[in-house]
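Dear colleague,

Please find below the structure that I am handing over to you. A summary of the findings on cysteines and salt bridges follows it.

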Amino acid sequence: MKQFEGIKKLIHYPLTIVFSAFLLSITVLGLIIPDKEVSEWENRYLTKAPEVRLADIADGSFMTKYENYINDQMPLRDGFIKLKASIEAVLLKIENNSVARGKDSYLFTKSENKTDVFDKNISIISEFINNTDNFVTVAIAPNAAGVLTNKVPKGMIIPDQKEKLSELMGNKSLLSGARVVDLSCVLLTHEDEYIYYKTDHHWTTLGAYYAYSAISDDPLDLSTLEKGEKDGFLGTLYAKYKGLFVKPDVITYYDIPIRSFVTDDTLRNSLLDKEKLLVFDKYGMFLYGNFGKSEIVSDESILSEEGKGKKLIIFKDSYANCLIPFLTHDYEYITLIDLRYYKDSVKELVENNKDADILFINNFDFLNEDNHFYKLMK
């Protein structure tokens with residue numbers, strides 16, 4: 001009889017019963033469903049189960065790692081994230097996970113003005129320029145917030161890119177000895193065009209082409225290329241925002257022929273990984289993503305007469321990935337270096353390529369946050 005009385009008491013607490021059943025179901029599913037390596041929807045790698053080490057247990061880091069693992073591998077996680085975002089949209093919130101929706105459904109990220117990091121990186125680039133006889137071009141790409149200022153949500157905390165880049169352009173002592181291309185000025189003349197994605201932090205291929213046209217002495221004619229498009233692109237900003245009232249982007253690409261493309265010792269016959277058009281991270285199609293070192297040999301059908309035999313070394317981030325294919329018109333041999341992943345000596349690379357031009361093409365946020373430029377001195 002006492003057992004029945006206990007059941008009768010539980011009936012008076014239906015929420016407790018439902019919640020307990022829910023927790024039990026989640027626990028069982030967690031044991032059955034294998035861990036996921038990547039969240040396509042969030043465009044990132046998920047935390048793996050941490051190894052049990054006495055040192056980690058002693059300093060408390062094991063519990064932090066385990067909590068991150070549980071959070072990332074929780075069953076039905078994507079559904080809960082979408083539900084949270086939907087509730088916040090109903091409550092008329094335009095911000096989620098430090099990403100806010102601005103005018104015309106453009107998404108923007110909150111970010112701090114890390115002047116010390118930006119200045120340090122520019123100083124290292126300046127020192128690199130002073131220590132080389134190679135012809136160097138520096139092109140800093142403003143992000144959408146630095147060009148489409150009328151679409152940024154009012155009161156949103158973001159660095160003043162216009163002021164910072166204007167200050168840099170006006171300082172003749174910095175980056176002296178290099179050709180500095182003012183991409184802000186170039187992109188501002190096209191601000192009414194589709195030059196930035198709404199849901200992704202990159203510029204569009206059209207925006208990249210306008211930047212390329214300012215860098216090149218003899219730009220490739222865009223109308224001579226075969227154009228491809230894919231709609232339904234939801235980029236990195238949407239992966240964080242996950243809210244409602246957002247319009248998917250259209251990603252444009254040009255299948256430019258090449259002789260060869262080598263990434264980390266893997267030989268490829270194209271600069272585009274079109275299989276990525278079928279997954280969430282469609283921008284990863286360009287150059288197959290990011291590698292420490294890649295090498296392109298241009299095809300004669302694209303290469304200009306002046307570009308034959310010419311070499312170019314590019315220090316880049318992912319912003320450059322959709323721009324670089326156009327440069328196969330201007331240079332026969334192109335070496336791409338992403339300092340985040342490059343492990344060899346930059347000095348040795350440049351010393352072995354004294355006849356190569358050098359191009360720095362990085363976006364403002366990258367210069368404002370990255371801490372790998374010290375490798376230029378090694």
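Is C185 buried, partly exposed or exposed? C185 has a relative accessible area of 45% and is partly exposed, because that value lies between the limits of 20% for buried and 50% for exposed. Please bear in mind that this is a predicted model. C322, by contrast, is buried, at a relative accessibility of 2%. As for disulfides, the structure holds zero of them.

The charged side chains offer further material. The count of salt bridges comes to 14, and three of these pairs are described here in turn, followed by a network.

R259 and E332

R259 forms a salt bridge with E332, and their closest N and O atoms lie 2.3 Å apart. This pair links distant parts of the chain, with the two positions 73 residues apart in numbering. R259 belongs to strand β10, which covers residues 258–263, while E332 sits in the loop between β13 (311–316) and β14 (333–337). The two partners fall into separate classes of accessibility: R259 is partly exposed at 42%, whereas E332 is buried at 10%.

D338 and K316

A second salt bridge joins D338 to K316, with the closest N and O atoms 3.8 Å apart. Here too the pair links distant parts of the chain, the residues being 22 apart. D338 is found in the loop between β14 and α12 (346–351), and K316 is in strand β13. How accessible is D338? Its relative accessibility is 0%, so D338 counts as buried. K316 also counts as buried, with a relative accessibility of 5%.

K276 and D273

K276 forms a salt bridge with D273, in which the closest N and O atoms are 3.8 Å apart. K276 is partly exposed, at a relative accessibility of 23%. D273 has a relative accessible area of 14% and is therefore buried, since the limit for that class is under 20%.

A shared network

Which residues are joined into one network by salt bridges that share partners? They are D119, K164 and E167.

When you view the model, you may wish to begin with R259 and E332, the pair that brings together strand β10 and the loop between β13 and β14. The pair of D338 and K316 could follow, where both partners are buried, at 0% and 5% respectively.

With kind regards

How values were computed. Residues numbered from 1 in each chain as written. Predicted model: local features only at pLDDT ≥ 70, side-chain atom pairs only at ≥ 80, totals over all residues. Heavy atoms only, no water. Disulfide = S-S within 2.5 Å. Buried < 20%, exposed > 50% of the residue type's maximum accessible area, 1.4 Å probe, protein only. Salt bridge = Lys/Arg side-chain N within 4 Å of Asp/Glu carboxyl O. Helix = DSSP H or I, 4+ residues; strand = E, 2+ residues; numbered from the N terminus.
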